Amino acid sequence: MRTPSPRQCVHPGAPIAIGAPVPSAYDKRMITELGHFALILAFCVACVQAVLPLIGAHKRWPGWMAVAAPAATAQFLLTAASFAALTWAFVTSDFSLRLVTLNSHSAKPLLYKITGVWGNHEGSMLLWILIVTLFGACVAWFGTNLPPSLKARVLAVQAMIGVAFLAFLIFTSNPFLRLVVPPFDGQDLNPLLQDPGLAFHPPFLYLGYVGLSMTYSFAIAALIEGRVDAAWGRWVRPYTLAAWIFLTIGIALGSWWAYYELGWGGFWFWDPVENASFMPWLIAAALLHSAIVVEKRESLKSWTILLAIIAFGFSMIGAFITRSGVLTSVHAFANDPERGMFLLAITALFMMGGLTMFAARASAMQAKGVFAVKSRESMLVLNNLLLGVACFIVFVGTIWPLVSELFFDRKLSVGAPFFDLAFTPFMVLLGLVLPVGAMLPWKRGSFGRILRALAPAFVLAIAAGLLAFAMQTGRSALGPMGLFLAAWLVGGSVTDLWTRTGRTGDIRDRLRRLTRLPRADWGKAVAHGGLGITMAGVAAMNAWATEDIRVAQVGDSIDLAGYTVTLDDVRRVQGPNYISTTGDFTLTRGDDVIGVLHPEKRFYPVAQMPTTEAGIDNGFLRDIYVVIGDPQDGGGWAVRTYHKPLANWIWGGAILMALGGMLSLSDRRYRVAAGARKVAPVQGVPAE
Amino acid sequence: MRRLILLLCLIAAPVLAVQPDEMLDDPALEARAREISSGLRCLVCRNESIDDSNAELARDLRLLVRDRLTKGDTDSEVVSFIVDRYGEYVLLKPQMGGSNAVLWLAGPAMLLLGAGIAVLYIRRRARAEPAGPGALTETEEARLRQIMDE
């Protein structure tokens, strides 16, 4: 028998006794206040961490340097506690918090209550800071093989970044502000953001943006130390790779979301905010290649340092563009001049500081490696040139409307047609030279041998391009070019792996050697192949997508690219926090039924906002994409049907690129501490 | 502000981009209209072409483009008709002339500059004294290849 708890003894009408095991409003408020307090404490810890280790490293005082690691851990735990408190406020719908009232609603599904934490300016900034401190803590935890002075300086610089953004959060965008009179319910999260694809797009993007803060800290620490060597390259590369992987995933998620959610199947709009994430991606890609040269050949040192500084600069410019509203875009949030000025000041401070340090100390970086004109080093310089200039074009295009209005009094727009024209040639060029550069040996090589090895891949690529040209209906050069590049990059990667198994031995020997190649080699091949797949997807979507727009009655059939789409029914459906008009479509090819599609048009009453949910039949070679519109005056519904060839290759390629990065990241040389004793080979155990 | 923009784009006219009733019967003319409207900016939504936009104003512009085309205008006449009324702000691809030359030439200029620096750097590295034992000569390399092949 259960003993009655104190609560059960209370008369039903009486107030619940103090100490009852239910979280009262009082507890809820307490948790929020603790979160606020933890945030301020994190700021104080960051201030200490930014100063003491730096002095310690200068004076060679081990005790002062040793402050850095525990401080980094404490800073992370405090920020995490603060983030958890804010999440708690969202989950329990504590409408006494201004932020929760503005961005949540009690009827919202739990997943979106949680993701709503970063679906707004203040919460996303807290997430940003959480990741800054997480990366710092990672150096504290895993950087055991770093020299103490370098580690202290890296963590001090990372803490300076923490101080700047914590100050920004606490003084201009505090998420823990209260409302005097809490409303009965919230104003709901923007329905467009209530989607799994977009829910996880910002965290990945921030992991990428902020990962670059780590390379910045390493670069500044190296400038203070006045020394960059192969070991430095090895320490900084995992963070660059990680940042690039996260950016790749984040950008792909955003683009995939736009594709299925915005209702016309576009996947990239050259919007300022998209560009803000794309520029750091391009620079990070350049940086992770030049860091290889530092690591393996001790050349390109000062250039790599400069790239590391600029890469984080682009991350911060991205934050500024997104949050200041200077370049207004569809998804800019929190357009606030005061915040914008603060962010601009942070960006300017870290960039000017970094570049001044660079100007003063870069000459101390002596390059050691010598290489010929025809060498891997030269080809990686070309890689950096192409990626750097491509990024520069995106940058100029993004800020040009602002510059033009300020200095030339011309109000104009720079949109997709400009970027398509100015940016694409660089990617084509990059794709053309990539397989050759990837195979050219270090120090000195000859093109003849490489080109002979690559001949089969080249023939295959030409064949793929010609086939595409023959099969297409129009005269577009873009589609065949995309398929050529895809075959060339994938074929080149396969050739690269295959030649690495040596020249001798039968197929079985070579296949066995293939499995034993370092993971970095596999990572490189997979990532380069993925780039080719993405290029093919982008080219095919731009060149060959077809569409049909019409008024359809129930029972009507639409023919598109060999498929038939039939409208069977239109229904009203009640969702958890929306009302939906759902169309039932059958997709057939000839007599075969391929699938049933349910595009929706939703209306969110709280936010007074409609959204479209496309019905998509995903396929390896094509997507069929159906959107239902409004009822028409004369009966029937506006229906749009799209045939999107190779659509999924865009994101499939991005997944491959990220996978390649992860393979590289798991390479033995990053797992084994530098200078550590080689692990003795495992003795074979006889089978019983 | 964000809410306002989304409101303008989505609430103002909860309809989807190009509507069936807007489209021209002549497929060739309609294709030209689509091509033109994908290069013109919706003035109330940011960074969206009138072809993609859901706003009422974009619909008006789409109808205007089609109206001019059916009256026999060439593509460039249609575009300049709209630019005359709304300014060059509506062009998603900025014109080449005047200060915009900076925008268009920035990329190629940077490429030339960067390539120049890269070539100088590579040549200097190629001529620099090797820090360790020197690289193999052509004959040594051929010999090494021979050994490897055996």
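In the predicted model, 46 residues of chain B are in contact with 57 residues of chain A. On the chain B side of this interface, the elements that contribute two or more residues are α1 (2–11), α5 (100–127) and α6 (138–149). The largest share is that of α5(B), which supplies 12 residues. By residue class, the side of chain B that touches chain A comprises 30 nonpolar, 7 polar and 9 charged residues.

Elsewhere in chain B, helix α4 covers residues 75–86. Its 12 residues should span 16 Å at 1.5 Å a residue, and the end C-alpha atoms of α4(B) lie 17 Å apart, so the expected and modelled lengths agree. Just after this helix, B:G87 adopts a positive phi of about 85°.

Chain A contains an open sheet of 4 strands in the order β1-β10-β9-β8, with antiparallel pairing. Strands β1 (546–552) and β8 (615–617) of chain A form the edges of the sheet, each pairing on one side only. On average, neighbouring strands of this sheet are turned by 15° against each other, direction ignored. At the β8 edge, β8(A) runs antiparallel to strand β9 (residues 622–631) of chain A, and 3 bridges join the two. Within this pairing, A:D617 has A:I624 of β9(A) as its bridge partner.

How values were computed
Residues numbered from 1 in each chain as written. Chains lettered and ligands numbered in written order. Predicted model: local features only at pLDDT ≥ 70, side-chain atom pairs only at ≥ 80, totals over all residues. Pairing = 2+ DSSP bridges. Axes fitted to C-alpha atoms, helices over the stretch in contact; angles between N-to-C directions. Expected span 1.5 Å × (residues − 1). Contact = placed C-beta atoms within 7 Å. Nonpolar A, V, L, I, M, F, W, Y, C, P; charged D, E, K, R; others polar.
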